[in-house]
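Here is a walk through the model, from one chain to the interface and then to the charged pairs. Keep the structure open as you read.

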Amino acid sequence: MPPTDLAVEARGLTKRYGPTVALDGVDLAVPRGTVHGLLGPNGAGKTTTVRILTTLTRLDEGRATVAGHDVKTSARLVRRAIGLTGQQTAVDDLLTARQNLTMFGRLFRLDKRSAARRADELLEQFSLTDAANRAPKKFSGGMRRRLDLAASMILAPQVLFLDEPTTGLDPAGRREVWHAIRQLAAQGTTVLLTTHYLDEADQLCDRISVVDHGRNLVEDTPAGLKRRIGDERLELTVADLGDLDQAVELVQRATELVADTTPGSSTLSVPVPDGVRALTDVASEIRAAGLDLADIALRRPTLDEAFLQLTGDQAVLTGPTEETS
Amino acid sequence: MSTTSTQPLAAPDETPGSRLLWVFKDTWTIVMQEFMHLLRQPSTFAWQLGMPVVMVLMFVYVFGSAMDVTGMGAGVGYIDYAMPGMFAMTIAFGFMNTAFPVAFNKEKGFMDRFRSMPMSSSAVVTGRGVADIIQAAVDLAVIVGIALAIGWRPAGPVTDTLAAFGLLLWLRFALIFVGIWIGLRVKNTEGAGNLFAIAFPLGFISSVFAPPQMMPGWLGTVAAWNPVSSTASAIRELFQTPGVDLATSTYWIEGHAIAGALIWPVLLLVVFVPLAVRQFQNLSR
Ligand SMILES: Nc1ncnc2c1ncn2[C@@H]1O[C@H](COP(=O)(O)OP(=O)(O)OP(=O)(O)O)[C@@H](O)[C@H]1O
Ligand SMILES: [Mg+2]
C-alpha cells in the first residue's frame, strides 16, 4: 500500500518517562477511511500513543505521520487535520453547550456565522439541541462526553482520535457515541480509538491493534482476533449435578469430543468445529436419554477471551481508569 | 447526517502576516471566554474580591485603631496608610487568580484540547494575561471605591494618582508570568490552592499593613525588600500619604520606592517569562 493511503503511519514510536518506558517501539498503519482500535490494559501506552500522534507529546524515537504530515516537523499541519477527544472530558463547564461549540469553532478559525451554524448542526447531530443553552456542569456523563466529541468534530477532521470515548457512559450513551462515530466513518473520517471495551472495538473497528507494555502484540480484524482463540464452544448445564457425568458421556457419543468440566459446577463445555451440527446432535442424544437440562447454548469466543489470552494472565482488564470521571 | 449538506469546513491558510493577526483574534476569543465565565458565574468574582474586602474591614477597623504608623498616635491616619497597602496586596495576591485557572485548565485537559487545535498556542497565554489585567483593573476599581467610601483620598496631583495605578498594574503584569509558571508547575488545582499558605506570609511580610521599621531587625529588612513593599511605598509617595517619609527610612530601598516599583517587575519578568515558557514547552514532554 503506498504511504499516501495511510491516514496514520507510525514506526517504532518510543517514549520514556524517566525509568518508565511508556512506548517501546509501537508501529501503526491506519488506512484512510477506516476505524482502527487500540486495545490494551491500563498503562499499555494507548494514551501516550494518541498524545504523540496529536502533537501533544514529543516522541523520543521513531517517526509518525498523520494525514501525511510529520508530527515532529509539521505539528501545525497535523493539528489542522485532526480532532481529539482526550481521555478527560475537556469542555468548559461554565459556558453553555452552544457557547462551548461556538468558542471552539472560533478557535478553529471559523467566522462568527459559520461557528454559530456549525454549533447548531453539531448540537442537533449529538441530540443536544434541547440542552444547548445549559451548562455542561449539569449534564449527565453521556451528554458531556457527546459535547466533548462534538467539539472535536467541528472541522469534520480527516483523522479523529478518541481516547476511551465511552468510558463511564451508560449503554444508551455508548450507543449514541457509537452512532456518531459510525456516521463520521461513513463520511470518510479516519478514526483511531482506544478502548478497554472489547465489544466496542468489535462493534466499531475495521482492525484492532493490541498493545501492552508499550509494544504491539498483534494486529488483526475483530473476527481474526477471535479466530485466534479457536472454535466455538458448546456449553451445557444440567439441572441436577448428579447427571453431569452422564451428560459428558452423551456429548462424547454425539461429537466424539471430551467435554471440560469444573468440579462443583453443573456446566460442561466443549470446543466444537461445527457448532450447529454439534448442538442438534447433542440435543437429540440428551432428549433420547431423558436428561433434564437447565441450559444449552453455543458460545462464540469473545474478544475479551482473545485479549486476556494475548496479554497474559497478569494483565486483567480492569475497565475504566481512575482519572477518568 | 446534517454535516453532509454543509460546505467542507477548513481552517484558513496561514501566512506569516496572518499568524500575528490570529494571535490577536485567538487571544480575544479566550478573553471573551473568561468574561462569559464571569457573566455566567458572578459569584466567582465576588469570592475573588471577598478576601481584600474582609482585609480592609479587619485591618482598618479591628487592628487599625491600635496601630500607630504615623507617629501621631494610635489609629491616626491609618486608613491613609493602609489603603495603598491594600491596593498593592490585592494586586499581589492576584497571581493566584492566574495560577488557579491555569492549573485548572491543565488538570481538566483543556490545555491539551487547545494545544491539539490549529489555534495559535501563544494565545492560550496571552488571552489569560489580557483577561487577568482587565480583571485586576476591575478588582482595583472596586477596592478603590471602598477606600473612597470610608474616607481615603489621594492627596497628590491627578497624574501622580494615575501613575500610582499604573505601577500597580505593572506589578500585576509581571505577576501574570509568575502565576502561569506556578499554575503549570503544580500538579492540580489543589496544589495551586495550597500556594495560599506561601502567598499569605509573602503578602504580609511587607510594608502593606505596617512600616518595616516597626518589625524586628531581619524581618524588617525582608519586608522592605519585598517587591510588594516597593509598589506599596511608591504609591504612598504618589498619593502623598500623610506621615510617610520614605526618604528618612532605615532601608535604602524604601528611599527609592518608585524606582523599586518600576524595576522589581522587570526582574520578575526576566526570571519568570523564560520559566513560564519552559514550563509551557514541558507540557509536551
Ligand atoms: N506524564 C507522564 N509521566 C510519567 N509517566 C507517564 C506519563 N504519562 C504516562 N506515563 C506512564 O507511561 C505508561 C503508559 O501510560 P499511558 O497513559 O499511555 O497508558 P494507557 O494505555 O493509556 O493506560 P490507561 O488504560 O490506564 O489509560 C504508564 O506506565 C504510565 O505510568
Ligand atoms: Mg489512557
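A residue counts as buried when its relative accessible area is under 20%, and as exposed when that area is over 50%. Anything in between is partly exposed. Keep these cut-offs in mind, since several charged residues below are judged by them. The model is predicted.

Start with the fold of chain B. Chain B has twelve helices and zero strands. Read along the sequence, the pattern is helix after helix: α-α-α-α-α-α-α-α-α-α-α-α. The C-alpha atoms of chain B fill a box of roughly 80 × 35 × 35 Å along the principal axes. Chain B has 285 residues, and 49% of them are buried. Take the contacts in chain B between residues at least 6 apart in sequence: 82% of these join residues at least 24 apart. The surface that chain B exposes comes to about 12800 Å², with 71% of it supplied by carbon and sulfur atoms.

One residue shows how a helix of chain B meets other parts of the sequence. Q279(B) sits in helix α12, which spans residues 257–282 of chain B. Its relative accessible area is 11%, so Q279(B) is buried. What does Q279(B) contact, leaving aside its neighbours within four places in sequence? The partners are W181(B), L184(B) and R185(B).

Now turn to the interface. Here 38 residues of chain B are in contact with 43 residues of chain A. The area buried between the two chains is about 4000 Å², and carbon and sulfur atoms give 55% of that. Between chain B and chain A, 14 residue pairs are in polar contact. On the side of chain B that touches chain A, two elements give two or more residues: α1 (16–40) and α4 (110–115) of chain B. α1(B) gives the most, with nine residues. By class, this side of chain B has 14 nonpolar, 13 polar and eleven charged residues.

Charge also crosses the interface. Side chains of opposite charge can pair when their charged atoms come close. Three salt bridges are found between chain B and chain A. One salt bridge joins D26(B) to R109(A), with the closest N and O atoms 2.6 Å apart.

Over all chains, the count comes to 25 salt bridges. Consider first a pair within helix α5 of chain B, residues 121–149. There D132(B) and R128(B) lie four residues apart, about one turn of the helix. Their closest N and O atoms are 3.1 Å apart, and the two form a salt bridge. Are these residues buried or exposed? D132(B) has 2% relative accessibility, so D132(B) counts as buried. R128(B), at 7%, is buried too.

Helix α4 of chain B holds another such pair. D112(B) and R115(B) are three residues apart there, again about one turn. They form a salt bridge, with closest N and O atoms 3.3 Å apart. R115(B) is buried, at 9% relative accessibility.

Chain A offers a pair of another kind. D199(A) forms a salt bridge with R174(A), and the closest N and O atoms are 3.4 Å apart. This pair links distant parts of the chain: D199(A) is in helix α7 (residues 198–204), R174(A) in helix α6 (residues 171–186), 25 residues apart. R174(A) is buried, with a relative accessible area of 14%. D199(A) is partly exposed, because its relative accessible area is 39%.

Conventions: Residues numbered from 1 in each chain as written. Chains lettered and ligands numbered in written order. Predicted model: local features only at pLDDT ≥ 70, side-chain atom pairs only at ≥ 80, totals over all residues. Heavy atoms only, no water. Contact = heavy atoms within 4.5 Å. Buried area = accessible area lost by both parts, 1.4 Å probe. Salt bridge = Lys/Arg side-chain N within 4 Å of Asp/Glu carboxyl O. Polar contact = N/O pair within 3.5 Å; in protein donor to acceptor, adjacent residues only side chain to side chain. Nonpolar A, V, L, I, M, F, W, Y, C, P; charged D, E, K, R; others polar. Buried < 20%, exposed > 50% of the residue type's maximum accessible area, 1.4 Å probe, protein only. Areas by Shrake-Rupley, 256 points an atom, 1.4 Å probe, with all protein chains shown as cover.
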